[in-house]
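Colleague: I'd like a close look at one part of this model, the nonpolar core and what sits around it. Could you walk me through it in one go?

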Amino acid sequence: MLPLVASGRVRNATEARARAFSWGLMQVMGQTARENGYAGHLAAICEPGTGLEIGCGVLAEKLARAGGNLEQGLLAWNGGGDVSYPAEVKARIQRYSET
C-alpha cells in the first residue's frame with residue numbers, strides 16, 4: 001500500500017500516484033498543487049489557464065521566500081539539484097519576453 005494511503009492522508013491510490021507526477025505547462029507536481037490549495041482534479045492542471053495560474057502562484061511564492069532573488073527562487077522552483085538551472089532560464093528570458 002502507498003504510504004499516503006496507508007497513513008490515511010490520501011483516500012485512494014490514484015490520488016497518491018497523481019501527486020507524484022508533474023502536470024501542465026509549468027510541470028507543477030501534484031503534491032505541490034495540493035500543498036498550495038488546489039482541490040480540483042489534478043489532470044485539469046493540463047488546461048493552460050489552470051496550469052499557469054497554479055504554476056505562477058507557486059513560482060511567485062518561491063521567489064518571495066528567496067527575498068526576490070531570481071536565482072534562488074529558480075533553484076527553489078527546480079528543487080535545487082541543478083545549480084545551472086537559473087542561468088539556463090535567464091538565458092531564455094529575452095526569447096520569451098514581450099516586445
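Modeller: Here is a walk through the core, then its surroundings.

This is a predicted model, so local features need pLDDT of at least 70 and side-chain atom pairs count only at pLDDT 80 or more, while totals for chains, interfaces and linings use all residues. Residues are numbered from 1 along each chain as its sequence is written, and side-chain values use heavy atoms, with hydrogens and water left out.

The largest nonpolar core has 11 residues: Ala18, Trp23, Met26, Val28, Ala33, Tyr38, Leu42, Ala44, Ile45, Ile54 and Val58. By nonpolar core I mean a set of buried Ala, Val, Leu, Ile, Met, Phe, Trp, Tyr and Cys residues joined through side-chain atoms within 4.5 Å. Buried is under 20% relative accessible area, exposed is over 50%, and partly exposed lies in between (1.4 Å probe, protein chains only). As a bit of background, nonpolar side chains in soluble globular proteins tend to be buried together.

Take Ala18 from that list. Setting aside neighbours within four places in sequence, Ala18 is in contact (heavy atoms within 4.5 Å) with Trp23, Gly30 and Leu42. Ala18 and His41 are 23 residues apart in sequence, and their C-alpha atoms are 9.4 Å apart in space. His41 itself counts as exposed because its relative accessible area is 61%. You'll find His41 in the loop between helix H3 (30-35) and helix H4 (48-65); helices (H or I, at least four residues) and strands (E, at least two) are DSSP runs, numbered from the N terminus.

Now for Trp23, which is buried at 17%. A search of the whole structure turns up one aromatic pair. It joins Phe21 and Trp23, with ring centres 6.3 Å apart and planes at 90°, so the pair is edge-to-face. The rule is that rings of Phe, Tyr and Trp (its six-membered ring) pair if their centres lie within 6.5 Å, with planes under 30 degrees apart called stacked, over 60 edge-to-face and the rest tilted. Phe21 is partly exposed, at 49% relative accessibility.

Leu42, another core residue, is also touched by Arg34, whose other contacts beyond four places in sequence are Glu15, Arg19, Ala39 and Gly40. Arg34 belongs to helix H3 and counts as buried because its relative accessibility is 18%. Its side chain makes a polar contact with the side chain of Glu15 at 2.7 Å. A polar contact is a pair of N or O atoms within 3.5 Å; within protein, one must be able to donate a hydrogen and the other to accept it, and residues adjacent in sequence count only if both atoms are side-chain atoms.
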